[in-house]
Structure formats: structure tokens, C-alpha cells
Amino acid sequence: MRRTLFEEEHDLFRASFRRFLDKEVVPRNDEFERDGVMDRSVFARAGEAGFLGMDVDEAYGGGGVRDFRYNLVIGEEVQAAAVNGAGLGITLHNDICLPYFTRLTDDDQKARWLPGICSGELVTAIAMTEPAIGSDLASMTTTARRDGDHYVVNGSKTFITNGINADLVITAVKTDPEQRHAGMSLLVLERGMDGFERGRNLAKVGLHAQDTAELFFTDVRVPVANRLGDEGAGFRYLVTNLPQERLSIAATGVAAARAAFEWTLAYCRERQAFGQPIGSFQNSRFRLAEMATEIEVGQSFVDRCVLGLNAGELTAEEAAMAKWWCTELQGRVVDIGVQLHGGYGYMAEYPIGRAYADARITRIYGGTTEIMKEIVGRSLGV
Ligand SMILES: Cc1cc2nc3c(=O)[nH]c(=O)nc-3n(C[C@H](O)[C@H](O)[C@H](O)COP(=O)(O)OP(=O)(O)OC[C@H]3O[C@@H](n4cnc5c(N)ncnc54)[C@H](O)[C@@H]3O)c2cc1C
């Protein structure tokens with residue numbers, strides 16, 4: 001079945017982004033994996049080429065087109081090129097952080113931040129998780145006490161994607177620690193603010209080219225002008241933006257599964273055992289058939305959700321369904337891919353081996369599978 005989602009301009013954008021990856025990321029990906037971080041100059045190159053802030057108004061240096069299909073193309077090509085760790089920095093910047101800067105900012109904030117976000121001079125991150133809380137966000141303990149025209153921020157965050165490269169960190173804080181959801185606000189912490197320190201770039205099982213860091217805040221004075229939206233409305237803003245974040249993760253999950261399938265199919269055609277290609281064993285054919293089928297099912301749902309998001313109709317429940325199902329699909333497919341590659345599947349130099357390690361986190365970050373099922377389940381009135 002031909003996907004009916006894309007038009008000619010998306011195909012051109014895809015070809016151009018693929019060339020960008022082939023030139024700027026693929027040849028250096030091993031270096032980024034070794035360093036545990038992508039060279040931040042890649043953000044600037046991506047910005048120059050028009051791959052950041054596609055939906056930001058042109059007046060601020062963006063593409064001026066509100067169409068998540070472009071984001072989808074980027075996520076898919078990153079997976080096909082097997083540069084997941086590095087690519088996550090770009091998808092997080094575009095798909096997950098950017099909406100906070102376009103939807104919640106006043107004119108001054110837009111003028112301060114959007115041009116740099118689109119050019120790649122300002123790399124973004126979002127910091128919700130703390131050492132003691134992840135799923136239960138309302139229990140966070142990072143505080144922001146008002147002091148004149150500043151907030152004084154104290155606390156810490158962990159597991160923050162782009163944590164080393166980020167210049168602007170959307171930070172969830174408690175402006176009223178007595179309250180749970182209603183006490184949360186969002187502040188933008190900037191590189192270089194006194195008392196804002198980075199901790200370790202955390203050593204992970206996969207996604208090695210992605211910087212995932214700890215952040216520490218000690219009496220950081222953050223101007224009130226760095227608050228996004230209203231005080232006390234932080235949780236509502238997070239809930240509003242999470243469907244796009246979750247769809248982004250779901251879409252890359254299906255794309256990762258598709259990439260794993262393609263590598264496995266090619267391997268099954270070429271690798272011989274007992275005098276025949278391993279793909280000709282009935283078990284291999286069945287497994288490949290299962291992979292191919294499930295990917296098409298997942299893709300159809302993701303494509304519908306993308307159109308729903310573009311139309312402003314994607315619900316939190318639909319995004320949660322897409323996130324848990326597509327990332328579980330990714331896990332199943334990549335696991336079969338490793339099995340069919342035999343011992344080579346376990347080698348880091350094979351894309352399927354890396355994809356296996358990279359895949360495990362997608363069922364956890366952006367809200368775990370269990371939390372996604374809670375969101376869907378609660379909506380069923382049970
Ligand atoms: C590589 C990586 C990148 C990340 N990037 C970011 C980032 O950029 N910004 C950010 O803020 N965070 C980020 N995170 C954090 C991530 O979102 C959290 O790890 C995730 O939300 C889970 O929180 P937790 O680790 O505290 O687990 P917990 O909340 O402690 O959960 C532990 C287990 O308990 C289960 N559980 C918890 N509550 C319930 C419940 N009510 N019902 C059923 N089961 C439940 C969970 O599903 C899970 O299986 C990242 C994490 C990693 C590893």
C-alpha cells in the first residue's frame with residue numbers, strides 16, 4: 001500500500017534531509033557515539049539547511065509551515081540512516097521543545113529565542129524528571145521562590161536529553177511547593193546562569209551519541225521574563241504538549257522497526273546456512289511476515305495521528321495509544337531482527353545491534369507504557 005500522507009514537497013524535503021545526514025552525521029556518527037554527544041555544530045548546519053523550526057514564523061527565521069509531516073520525515077530518515085542517538089537531539093529540539101517556545105512565549109521572548117532556535121545557535125532541552133520522581137511529576141521538588149523580578153531556583157533534574165548541548169532548558173519547577181499540579185510553572189534556564197551546573201553526561205545502555213545529563217540548580221536567579229506562560233499553569237502546558245511529544249516517539253518507533261526490518265530482510269537473503277539463504281527457512285519467512293505486517297498496521301495508525309495532530313484533533317488518549325503500541329512494536333521487531341542476524345546481531349558495528357540497545361528506552365521515556373495504558377484506561381471510565 002502506498003502511503004497517501006505525503007505530497008511532493010515532503011518527498012523533496014526527505015531527499016534533502018537524507019543528503020544532509022549522509023554528509024554531516026553518518027560519517028561522524030561513530031565519533032559522536034564514542035564521545036557520548038553530538039558535535040553541536042551539527043545543529044547550526046541543520047539550521048542553515050532549514051531543518052530546524054520548520055513551523056516557526058519566517059519573521060523569526062523559521063520555515064513558516066505548520067505541518068508535522070516534515071517532523072515525521074526527519075524522524076524517519078534518522079532511523080533509516082541508523083543515527084538514532086545523534087538524531088534524537090534534533091527531533092527533541094523540533095518536536096518536543098519548540099512548541100513551548102512558539103505557543104507560550106510573548107513577543108519579547110519570541111524575539112530573544114526563536115531566531116537562535118531556528119539557526120541552531122540555541123539548542124533546547126526540557127527538564128521534568130528528577131532523581132526521585134519521573135512518572136509522578138506532581139511530586140517534583142525543584143522550587144522557584146519569587147524574589148522581586150526574579151525567581152530563585154533550587155533543586156536538580158536528571159536524564160535530560162540534550163543536557164550537555166542545551167543552551168535553553170525548559171525547566172519544570174514548583175512555584176508553590178504546597179500544591180501538587182497547580183503549583184507547577186515552567187522557567188527557561190539559560191547556559192551560563194550563576195548556580196546552574198551540569199552534572200555527569202550519563203553512561204547509557206544505548207543511544208550513545210545522545211547527551212543525557214544531570215542538571216543542578218543552586219540559588220539560580222532566573223528573571224520572571226524567562227517564565228513561559230502563567231505561574232501555576234506548568235502542568236497544564238505539559239499535558240497540552242505531551243501528545244505531540246508522544247506521537248514523535250511513536251513515529252520514530254515505527255520508523256526504527258521499519259529500518260530493522262529492511263536490514264534483516266537483506267541479511268536473510270544473503271546469509272547462507274545448510275546450503276540455502278536463511279530467509280528461505282519457514283521460521284524466518286514467518287518472522288519476516290510478522291514484522292512486515294505489524295509495521296504496516298502501526299504505520300497506518302501513526303499516519304492518521306499525524307493528520308489528526310495537524311488538524312488540532314489528536315487527543316491525549318490517542319497519542320498515548322500510539323506511543324505505547326508503536327514502541328512495543330519497535331521492541332518486538334528489533335528483537336526478532338537480532339535473532340535472525342544470529343551472532344552478528346549482537347555486534348555493535350551492525351546497525352541492528354545498536355538499534356537493539358537504542359530501542360529499549362522508547363518504552364520508558366516520554367511516559368512509560370504503563371502510564372500510557374493508565375491514560376487510555378482512565379478515559380474508558382474504569
Ligand atoms: C535516555 C533517557 C532520556 C530521557 N530524557 C528526558 C528528558 O529529556 N526530560 C525529562 O524530563 N525526562 C527524561 N527522561 C526521563 C524519563 O521520562 C523517565 O525516566 C520516565 O518518565 C520514567 O520515570 P522514572 O524513571 O522516574 O520511573 P518511575 O516513575 O519510578 O517508574 C518506575 C516503574 O514504575 C512504573 N509506574 C510508575 N507509576 C505507575 C503507575 N501509576 N501505574 C503503573 N506503573 C507505574 C513505571 O511504569 C515503571 O515501570 C529520560 C530518560 C532516559 C533514560
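## A walk from the ligand shell outward

Strand E3 (150–161) gives three residues to the shell around the ligand, the largest share that comes from any element. Keep in mind as you look around that this is a predicted model.

Let's stay with the ligand for a bit. In total, 19 residues surround the ligand, and the closest are Thr129, Ser135, Thr161, Thr368 and Glu370. By type, the shell splits into 10 nonpolar residues, seven polar ones and two charged ones. Now zoom in on the ligand's oxygen atoms. One sits 2.6 Å from an N or O atom in the side chain of Ser135. For the side chain of Glu370, the distance from an N or O atom to a ligand oxygen is 2.7 Å. Gly134 takes part through its backbone: a polar atom there is 3.1 Å from an oxygen of the ligand. How much of the ligand does the protein bury? On its own the ligand exposes 980 Å², and the protein buries 64% of that. Besides E3, the elements that give two or more residues to the shell are strand E1 and helix H11 (369–379).

Next up, the charged pairs. Side chains of opposite charge can pair when their charged atoms come close. This structure holds 26 salt bridges, and a few of them are worth a visit.

Start with Asp39 and Arg28, whose closest N and O atoms are 2.8 Å apart in a salt bridge. Asp39 is in the loop between helix H2 (29–35) and helix H3 (41–48), while Arg28 is in the loop between helix H1 (8–25) and H2, so this pair ties together parts 11 residues apart in sequence. Both partners can be reached from outside to some degree: Asp39 counts as partly exposed because its relative accessibility is 28%, and Arg28 counts as partly exposed at 24%.

From there, move to Glu33 and Arg354, which meet in a salt bridge with an N to O distance of 3.7 Å. Here the link is between distant parts of the chain, with Glu33 in helix H2 and Arg354 in helix H10, 321 residues apart. Are these two side chains buried or partly exposed? Glu33 is buried, with a relative accessible area of 13%, whereas Arg354 is partly exposed at 23%. The cut-off between the two classes is 20% relative accessible area, which is why the partners end up with different labels.

A third pair is Arg180 with Asp136, whose closest N and O atoms are 3.3 Å apart. Arg180 lies in the loop between strand E4 (168–174) and strand E5 (184–190), and Asp136 in the loop between strand E1 (124–127) and strand E2 (143–147), so the salt bridge ties together parts 44 residues apart in sequence. Arg180 is partly exposed, with 42% relative accessibility, and so is Asp136, with 38%. Not every salt bridge stands alone, either: Arg3, Arg14, Arg18, Glu76, Glu77 and Asp303 are joined into one network by salt bridges that share partners.

Last stop, the surface. Tyr344, Tyr346 and Met347 form a nonpolar patch there, and together they have about 360 Å² of accessible area. Where does Met347 lie? You'll find Met347 in the loop between helix H9 (316–341) and helix H10 (351–359). H10 is also the helix that holds Arg354, the partner of Glu33. Met347 itself counts as partly exposed because its relative accessibility is 37%.

Notes. Residues numbered from 1 in each chain as written. Predicted model: local features only at pLDDT ≥ 70, side-chain atom pairs only at ≥ 80, totals over all residues. Heavy atoms only, no water. Patch = residues over 30% accessible without salt bridge, like charges linked within 9 Å, V, L, I, M, F, W, Y side chains within 5 Å. Areas by Shrake-Rupley, 256 points an atom, 1.4 Å probe, with all protein chains shown as cover. Salt bridge = Lys/Arg side-chain N within 4 Å of Asp/Glu carboxyl O. Helix = DSSP H or I, 4+ residues; strand = E, 2+ residues; numbered from the N terminus. Buried < 20%, exposed > 50% of the residue type's maximum accessible area, 1.4 Å probe, protein only. Near = heavy atom within 4 Å. Polar contact = N/O pair within 3.5 Å; in protein donor to acceptor, adjacent residues only side chain to side chain. Nonpolar A, V, L, I, M, F, W, Y, C, P; charged D, E, K, R; others polar.
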